[in-house]
Amino acid sequence: LLRIFHIGDILHLKKPHPCGSSEWEVVGLPGTDATIKCLKCHRRVVLDRAVLERRVKGPRDPSPDVRS
C-alpha cells in the first residue's frame, strides 16, 4: 500500500523525536525524498519516501488546504 504525501500533511511517526514529539509536518517533496519538520522543536529531517512510509503510524491527517 503506497501512501501519498502532500505538503502540509501532519504525520504521526512510530518513534518519538528526542524532543518528545511524534508529530511531523511534510514541508518538502523533492524527488524520491521527503522533508519533514518536527512540530515541537522545528528540526527538519530528510528521509527517503520508502523509509517514511514504514515509519508513519496509522492514517495521516488531511492537508489543511482545501483542494477544489
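Reader: What makes Gly 31 notable in the hairpin of S2 and S3?

Author: In that hairpin, which has 4 residues between the strands, Gly 31 takes a positive phi near 65 degrees. The model is predicted, so local features need pLDDT of at least 70 and side-chain atom pairs count only at pLDDT 80 or more, while totals for chains, interfaces and linings use all residues. Residues are numbered from 1 along each chain as its sequence is written, and side-chain values use heavy atoms, with hydrogens and water left out.

Reader: How do you know that S2 and S3 pair?

Author: Two strands pair if DSSP finds at least two bridges between them, strands being DSSP runs of E of at least two residues, numbered from the N terminus. S2 and S3 (residues 33-38) have 4 bridges, in the antiparallel sense, and therefore meet the criterion of at least two. Among the bridge partners in S3 are Lys 37 for Glu 25 and Ile 36 for Val 26.

Reader: What makes S1 and S2 a pair?

Author: S1 and S2 are joined over 3 bridges in the antiparallel sense, so the requirement of at least two is satisfied. Ile 10 has Glu 25 as its bridge partner in S2.

Reader: Why are S1 and S4 said to stand at the edges?

Author: The open sheet of 4 strands has the order S1-S2-S3-S4, with antiparallel pairing. S1 and S4 (44-48) each have a single partner strand, so one side of each is left without a neighbour in the sheet. Neighbouring strands are turned by 40 degrees against each other on average, direction ignored; the axes are lines fitted to C-alpha atoms, and angles run from 0 to 180 degrees between N-to-C directions.

Reader: Why is Pro 18 called exposed?

Author: Exposed means over 50% relative accessible area, buried under 20%, and partly exposed in between (1.4 Å probe, protein chains only). Pro 18 has 81% and is therefore exposed. Pro 18 lies in the loop between S1 (10-12) and S2 (23-28).

Reader: What makes a set of residues the largest nonpolar core?

Author: A nonpolar core is a set of buried Ala, Val, Leu, Ile, Met, Phe, Trp, Tyr and Cys residues joined through side-chain atoms within 4.5 Å. The largest has 11 residues in all, including Phe 5, Leu 11, Trp 24, Val 26, Ile 36 and Cys 38. S3 gives the most to this core, with 3 residues.

Reader: Which residues does Cys 38 touch?

Author: Contact means heavy atoms within 4.5 Å. Not counting residues up to four places away in sequence, Cys 38 touches His 17, Cys 19, Ser 21, Glu 23, Trp 24 and Arg 43.
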